[in-house]
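User: I am new to this structure and would like to go through it slowly, with the reasoning spelled out at each step. Could we work by question and answer?

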Amino acid sequence: MYDIIVCGAGPAGMCAAVSAARCGSKVLLIESSGMLGGTNTLSLVGPLMTYHNRGKLIIGGIANEIIDRLRQTNSTLGHLRDPLDFCDTITPVDPESLKDLYFKMISEEKIDLLLHTMLVDVQKEGKKVTKIVVANKSGLQELEAKTFIDCTGDGDLCYHAKNEYILGRSEDNLCQPMTMPFVVGGVDLDKVKNEMEKNPDNFVLGDDWDHKYIGVSGFFKEVNVAKENGDFDINRDRVLLFEDVKKNQVTINMTRVLTLCGVNPYERTKAEIEGRRQVNVAFNFLKKYIPGFENSYIVSTPTQIGIRETRHIICDYMMNKEDIFALRKFDDAVCLGAFPMDIHSPTGADMEFDEVQNDKCYEIPFRSLIPVSLDNVLVAGRPIGCTHEAAASVRVSPVAMALGEVAGVAASLASDGIIRNVNYNELKTKLESAGVITKKWEN
């Protein structure tokens with residue numbers, strides 16, 4: 001029997017498992033794929049956004065330790081001012097190096113790891129989950145723990161445990177579109193930069209862009225011309241890309257798969273197929289219309305499509321957009337977020353609700369990690385207790401990593417397995433010691 005089982009080895013699950021192990025717990029980490037890192041490695045989602053608010057580090061702890069360790073092997077460009085001025089900083093990392101680091105951390109902390117293993121059911125006694133049922137090459141297995149952390153990205157454990165949830169936005173259950181980023185090499189970034197400098201009105205750029213690091217949100221005119229010529233049928237109005245750690249290489253985020261649901265296996269399969277079709281459309285467009293891409297080539301495509309939104313687990317507190325805009329204070333705050341409320345329209349090319357908050361940050365309460373119908377389960381990452389609007393800000397990787405660390409520490413403190421019995425002051429002290437909560441929380 002384990003003290004803690006963490007389900008899902010994405011950014012939240014990795015930090016949950018590592019933090020719990022460092023607190024002395026016996027931990028099992030299970031993952032449905034054969035890889036650690038989730039969206040940042042399997043889906044090539046990058047760069048990471050945002051570790052800072054007004055120049056102050058707000059995401060510390062294990063999340064920032066990971067960046068410090070990647071610096072040692074030149075596997076990150078570090079925390080850079082966002083050239084688009086959308087959020088405070090962006091942090092490009094090399095996905096291959098991130099994979100390697102995550103496996104090293106699992107070994108260092110002596111965490112038991114079970115890959116290619118999918119959660120398919122749970123067993124309960126009252127409001128306590130006693131066992132999870134998983135499926136792998138050996139068939140069905142039952143795994144037992146005192147406490148469980150749901151870091152599946154879709155709230156799968158909570159779903160199987162019959163905890164209430166919202167799917168997507170409440171009025172129609174539509175989710176933000178899925179996306180398939182891809183990596184392109186052989187790009188002449190000097191040509192790209194030259195276009196940005198010559199035609200600034202064709203781009204979204206921060207006033208203080210230093211012309212060094214390349215991040216592109218633009219080429220609006222070229223996209224419109226391509227659409228008129230029948231060369232671009234994606235529901236996107238711009239090129240969105242970021243320079244990678246490796247020279248002359250960029251990550252492209254232009255695909256947009258609409259109205260399909262990431263927790264419906266048939267629709268998710270359609271999304272994978274459509275995402276790959278759109279990758280080809282986007283790449284052919286770039287080579288034909290965008291200076292600097294004439295000799296470019298695709299370096300890699302994701303193992304799986306990137307999912308922005310599915311289930312929002314009903315927790316003891318559901319964060320909403322007013323909490324974020326009002327910078328509401330919480331008596332049980334456990335971490336911060338400062339990414340804008342970035343809602344990609346579930347049905348079209350628009351950004352439905354895009355309020356830039358790069359000069360402010362907000363608190364996330366511990367109650368939003370506690371599923372309302374369960375006693376010994378925590379949820380971390382994008383499915384935490386948030387509405388559709390609030391989740392559009394909370395969903396990003398650095399926040400997921402911080403939430404994972406919070407969940408790992410809290411689960412270790414639940415000596416009786418009951419999460420609501422964890423003393424907040426004790427949790428806060430542990431989080432301060434780990435650097436998750438800092439003294440610089442003033443807005």
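The turns below take up the sheet, the hairpins, the peptide bonds, the cysteines and some single residues.

User: What kind of model is this, and how are its residues numbered?

Analyst: This is a predicted model, in which local features need pLDDT of at least 70 and side-chain atom pairs count only at pLDDT 80 or more, while totals for chains, interfaces and linings use all residues. Side-chain values use heavy atoms, with hydrogens and water left out, and residues are numbered from 1 along each chain as its sequence is written.

User: In the open sheet of three strands, which are the edge strands?

Analyst: Helices (H or I, at least four residues) and strands (E, at least two) are DSSP runs numbered from the N terminus, and two strands pair if DSSP finds at least two bridges between them. The three strands of this open sheet stand in the order 3-7-6, with antiparallel pairing. Each edge strand pairs on one side only, and these are strand 3 (48-49) and strand 6 (80-81).

User: Which residue of strand 7 is the bridge partner of methionine 49?

Analyst: Strand 3 pairs with strand 7 (residues 89-91) in the antiparallel sense, over two bridges. Strands of a sheet pair through backbone hydrogen bonds, either parallel or antiparallel. The partner of methionine 49 in strand 7 is isoleucine 90.

User: Which residue is joined to methionine 49 by a cis peptide bond?

Analyst: Two cis peptide bonds can be described here, one of them running from glycine 46 to proline 47 with omega near 0°, where proline 47 belongs to the loop between strand 2 (27-30) and strand 3. The other has omega of about -15° and follows methionine 49. Its second residue is in the loop between strand 3 and strand 4 (52-53), and that residue is threonine 50.

User: What distance separates the C-alpha atoms of leucine 77 and proline 47?

Analyst: Leucine 77 sits in the loop between helix 2 (61-71) and strand 6, and its relative accessible area of 34% makes it partly exposed (buried means under 20%, exposed over 50%, partly exposed in between, with a 1.4 Å probe and protein chains only). Along the chain, leucine 77 and proline 47 are 30 residues apart, yet their C-alpha atoms are separated by 9.9 Å.

User: Over how many bridges do strand 10 and strand 11 pair?

Analyst: Strand 9 (residues 118-125) pairs with strand 10 (residues 128-136) in the antiparallel sense over seven bridges, and lysine 124 stands opposite valine 129 there. Their hairpin has two residues between the strands, and glycine 126 takes a positive phi near 65° in it. Strand 10 is also joined to strand 11 by a hairpin, through two residues, and asparagine 136 stands opposite glycine 139. Strand 11 (residues 139-150) pairs with strand 10 in the antiparallel sense, and the number of bridges is six.

User: How many disulfides does the structure hold?

Analyst: A disulfide is a pair of cysteine sulfur atoms within 2.5 Å. Cysteine 15, which is buried at 0% relative accessibility, has its closest cysteine sulfur in cysteine 151, at 9.1 Å, and so is too far for a bond. Cysteine 361, buried with a relative accessible area of 1%, is likewise too far for a bond, because its closest cysteine sulfur, in cysteine 335, is 11 Å away. The number of disulfides in the structure is zero.

User: Which residue's side chain makes a polar contact with the side chain of aspartate 342?

Analyst: Aspartate 342 lies in strand 20 (residues 341-344) and is buried, with a relative accessible area of 6%. A polar contact is a pair of N or O atoms within 3.5 Å; within protein, one must be able to donate a hydrogen and the other to accept it, and residues adjacent in sequence count only if both atoms are side-chain atoms. At 3.1 Å, the side chain in contact with that of aspartate 342 belongs to arginine 395.

User: Is leucine 327 buried or exposed?

Analyst: Leucine 327 is found in the loop between helix 8 (321-325) and strand 19 (333-337). Its phi is near 50°, a positive value in a residue other than glycine. With 17% relative accessibility, leucine 327 counts as buried.
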